[in-house]
Amino acid sequence: MQKIEAIVKPFKLDEVREALSELGVTGLTVTEVKGFGRQKGHTELYRGAEYVVDFLPKIKVEVVVADTAVEAILDAIIRVARTGKIGDGKIFVMPVTQVVRIRTGEVNEAAI
């Protein structure tokens, strides 16, 4: 099993969710996060004063999937989240050694 964490632009969330649903993903976690990469934030004007916004709003989508589904899910996220502009985000893939569904006690693949 693998955990996929995708950091995407907020307005891309619905497209990512729909793409994952089409691939049979039945559960995911979404978190509003802030951060920066190569964008390094930006400057805004508020009441005549300029200030730097260091951390930009992003969405983190987390999903745990079987090893066989990883490539298809990566392709889908990249396809729908890419705008071609700086700040499109990143995807991280990490191994998961065990999953337990608390309610039933199911483990690993049965718990996903």
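## Salt bridges, core and helix packing

Biologist: R101 counts as partly exposed, at 27% relative accessibility, a class that lies between buried (under 20% relative accessible area) and exposed (over 50%), with a 1.4 Å probe and protein chains only. With which residue does R101 form a salt bridge?

Modeller: This is a predicted model in which local features need pLDDT of at least 70 and side-chain atom pairs count only at pLDDT 80 or more, whereas totals for chains, interfaces and linings use all residues. Residues are numbered from 1 along each chain as its sequence is written, and side-chain values use heavy atoms, with hydrogens and water left out. A salt bridge is a side-chain nitrogen of Lys or Arg within 4 Å of a carboxyl oxygen of Asp or Glu. The closest N and O atoms are 2.7 Å apart here, and the partner of R101, itself partly exposed at 32% relative accessibility, is E106.

Biologist: Which residues are joined into one network by salt bridges that share partners?

Modeller: Side chains of opposite charge can pair when their charged atoms come close. K3, partly exposed with a relative accessible area of 26%, forms a salt bridge with E5, the closest N and O atoms being 3.3 Å apart. While R101 pairs with E106, the salt bridges that share partners join into one network K3, E5 and E62.

Biologist: How many salt bridges does the structure hold?

Modeller: Another of these pairs is E15 with K12, whose closest N and O atoms are 3.5 Å apart. In that pair E15 is partly exposed, with a relative accessible area of 34%, whereas K12 counts as buried at 10% relative accessibility. For the structure, the number of salt bridges is six.

Biologist: E5 is in strand β1, where strands (E, at least two residues) and helices (H or I, at least four) are DSSP runs numbered from the N terminus. How many Å apart in space are E5 and V61, C-alpha to C-alpha?

Modeller: E5 counts as buried, at 14% relative accessibility. Not counting residues up to four places away in sequence, E5 touches K60, V61, E62, K90, I91, F92 and M94, contact being heavy atoms within 4.5 Å. E5 and V61 are 56 residues apart in sequence, yet their C-alpha separation in space is 5.6 Å.

Biologist: Which element gives the most residues to the largest nonpolar core?

Modeller: A nonpolar core is a set of buried Ala, Val, Leu, Ile, Met, Phe, Trp, Tyr and Cys residues joined through side-chain atoms within 4.5 Å. The largest such core has 18 residues, among which I4, V16, L20, V65, I73 and I77 touch the most other members. Two or more residues come from each of β1 (2-8), α1 (13-22), β5 (56-65) and α2 (70-81). The element that gives the most, with seven residues, is α2.

Biologist: Are α1 and α2 roughly parallel or roughly antiparallel?

Modeller: At the interface, E15, V16, A19 and L20 in α1 meet I73, A76, I77, V80 and A81 in α2. The axes of α1 and α2 come within 9 Å and cross at roughly 150°, where axes are lines fitted to C-alpha atoms, for helices over the stretch in contact, and angles run from 0 to 180 degrees between N-to-C directions. Under 35 degrees counts as roughly parallel, over 145 as roughly antiparallel, 65 to 115 as roughly perpendicular and the rest as oblique. The crossing angle therefore makes α1, relative to α2, roughly antiparallel.

Biologist: Which residues is I73 in contact with, leaving aside its neighbours within four places in sequence?

Modeller: I73 is one of the core members that touch the most others, and I73 also belongs to the α2 residues that meet α1. Beyond its sequence neighbours, the contacts of I73 are I4, L20, L23, V25 and V65.

Biologist: Is K9 buried or exposed?

Modeller: The place of K9 is in the loop between β1 and α1. Leaving aside its neighbours within four places in sequence, K9 is in contact with K58, T83, K85, I86, G87 and D88. With a relative accessible area of 14%, K9 is buried.

Biologist: What is the phi of N108, approximately?

Modeller: N108 lies in the segment after β6 (89-95) and is partly exposed, with a relative accessible area of 28%. Although N108 is not a glycine, its phi is positive, at about 50°.
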